[in-house]
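Subject: Structure for your files

Hello,

Here is the structure I said I would pass on. My notes on it follow below.

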Amino acid sequence: MTIHAKLKEIRTDIYIDGSWRPAKDGRTLPTFDPATGQELARVAVASAADVADAVDAARRAVKGAWRRMLPAERGRILMKAAGIIRRDSTKLSTVESLDSGKPLRESKGDVETTARYFEYYAGAVDKIQGDSLPLGIDNVGMTVVEPLGVTAHIIPWNYPLATTARGIAPALAAGCTAIVKPAEETPLTALMLAEILEEAGLPPGVYNVVPGPGEETGATLVAHPDVAHVTFTGSVETGRIVMKSAADHIASVTLELGGKSPLVVLDDADLDAAVEGALKAIYTNAGQVCAAGSRLVVEQGIAEAMMARLRQAAAGIKHGRGLDDAPMGPVASEVQLSRISGMVESARKRGVEVLVGGNAVKPEGLEGGWYYAPTILKCDDANDAIVKDEVFGPVLTVQVARDADHALELANGTDFGLVAAIYTADITKAMRFMRDIEAGQVFINHFFSSIEVPFGGVKHSGFGRERGLEALRAYSRVKGVTVRI
Ligand code: ADP
């Protein structure tokens, strides 16, 4: 089947209460292929009236069908969804690569991660339990764990499907219902997930999708008084707006706001492993990763060797379409490309040294598209904006540290604190770094996160934890019960 035939099969309407429908006011927005700049599809824009209907459906489902179903049965539906996601992996990954531009192998990885989220939380549904509390012989005390209610999920464009699953799988497992507002740049796979969940047996209203612009559809959803919790992944500025709006109706929030994550390499590190880790940390998904290792902090004895190896590897990375599984795909949008170019250009003007890259790229044989060269910048000023601000592109900064203590100081030197990595053979140095680094997750001698391990930030990277059993807490509340006997 051709790609265009495949695209025609995808539903581009709003999904509410188990049904598809166009926007009440009939509006649509285009979504583009970042590899070529061509329009891929037009997707409905959910109006305030559509959002209200979605919240209403989710509210009815959370009190009705989803609540009444036995936990084991809810778990079976989530497990079945994992199987269908794997069965449909080719279709899902193809569309994800088309819509986001990411290389096919990465989209396939995202689809597998998506299946794992459903599998993992499917197994947890019938193990969510409270405690018995010691109140003496004449009293019984217990906690009852309840779902929070209707949850809203505001999704970014860098991991459209996997981020949707990261939020909704634990939310549904906890007994909540969900409304997803995908990013306007990449709405297609969240819509495809609706059909999958329906096939798996999810009752109407448990999963709803309201595509549209963030400032309009997203803002309306977050502000809805019946939304009990908002899970937001995106920029710090938008996170602030979301948190303020949720505060108006006392909804809880999980904020995952990106980072400027350090990857520290000490002199005694395994150089091959550190180089491999650093390349993966910054060039996966063309650097458009909240947890990208975008700051290399390297101890002076190994700095020259590390920079030489990285420079050579970066210069050899070829660009192409995500669908052709190119080593590096395009960045997600024209806006993103000019943002990256602008940030690097200003850094260059301030005297930051460009070791490699530093320019937009036109891959051979491709018309249009938004590509940026793998870039490495050497920054001696720890306060330079390019060291402090998130670029969200294939741009690595390098800072040279005098010793392990200085490396830690540099690593902690931004407002962010999402993940941090250290490469060293010295267990004491590694564990001191683990203790003192301001980050939500620490990698020692690797750069890889897994769905079983809680993920989230400190400082401006946000708060609340996703993944692992921790994520269930965000979607649950505890009722204390005491009985005099
Ligand atoms: P970016 O600028 O990189 O797209 P954002 O943080 O603005 O990052 O976007 C992340 C998600 O937040 C997207 O789904 C976007 O539509 C949504 N969004 C943007 N503004 C708002 C808002 N005011 N309220 C709710 N969601 C929003």
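Ile250 sits in the loop that connects helix 10 (236-248) to strand 11 (252-256). Please bear in mind throughout that this is a predicted model. I start with Ile250 because of its backbone: its phi is positive, about 55°, although the residue is not a glycine. Most residues other than glycine have a negative phi. With a relative accessibility of 74%, Ile250 counts as exposed.

Phe392 belongs with it in these notes. Phe392 is not a glycine either, and has a positive phi of about 60°. Its place is also a loop, between helix 14 (385-388) and strand 18. Is Phe392 buried or exposed? At 15% relative accessibility, Phe392 counts as buried, since the cut-off for buried is under 20%. Ile250, by contrast, is exposed.

Next, the sheet.

An open sheet is formed by 7 strands, with mixed pairing, in the order 14-17-18-13-12-19-20. The edges are strand 14 (353-356) and strand 20 (441-444). Each of these two has a single partner strand, so one side of each is left without a neighbour in the sheet. On average, neighbouring strands are turned by 25° against each other, with direction ignored.

At one edge, strand 14 pairs with strand 17 (residues 375-378) in the antiparallel sense, over 3 bridges. Within this part of the sheet, Val356 stands opposite Ile376 of strand 17.

Which strands does helix 11 lie across? Helix 11 (residues 271-283) lies across strand 12 (262-265), strand 17, strand 18 (395-401) and strand 19 (419-423). Relative to strand 12, helix 11 runs at about 170°.

Last, the salt bridges.

The whole structure contains 35 salt bridges. I describe three of them here, beginning with Asp50 and Arg21, whose closest N and O atoms are 2.7 Å apart. Asp50 lies in helix 2 (residues 48-63) and Arg21 in strand 2 (residues 19-21), so this pair ties together parts that are 29 residues apart in sequence. Asp50 has 0% relative accessibility and counts as buried, whereas Arg21, at 23%, counts as partly exposed.

Helix 2 also holds the pair Arg60 and Asp56, which are 4 residues apart, about one turn of the helix. They form a salt bridge whose closest N and O atoms are 3.5 Å apart. Arg60 is partly exposed at a relative accessible area of 44%, and Asp56 also counts as partly exposed, at 28%.

The third pair is Asp436 and Arg435, where the closest N and O atoms of the salt bridge are 3.1 Å apart. Asp436 has a relative accessible area of 31% and is partly exposed. Arg435 is exposed, with a relative accessible area of 56%.

Finally, which residues are joined into one network by salt bridges that share partners? They are Asp17, Asp56, Arg59, Arg60 and Asp226. The Arg60 and Asp56 pair from helix 2 is thus among the members of this network.

Regards

Terms used:
Residues numbered from 1 in each chain as written. Predicted model: local features only at pLDDT ≥ 70, side-chain atom pairs only at ≥ 80, totals over all residues. Heavy atoms only, no water. Salt bridge = Lys/Arg side-chain N within 4 Å of Asp/Glu carboxyl O. Buried < 20%, exposed > 50% of the residue type's maximum accessible area, 1.4 Å probe, protein only. Pairing = 2+ DSSP bridges. Axes fitted to C-alpha atoms, helices over the stretch in contact; angles between N-to-C directions. Contact = heavy atoms within 4.5 Å.
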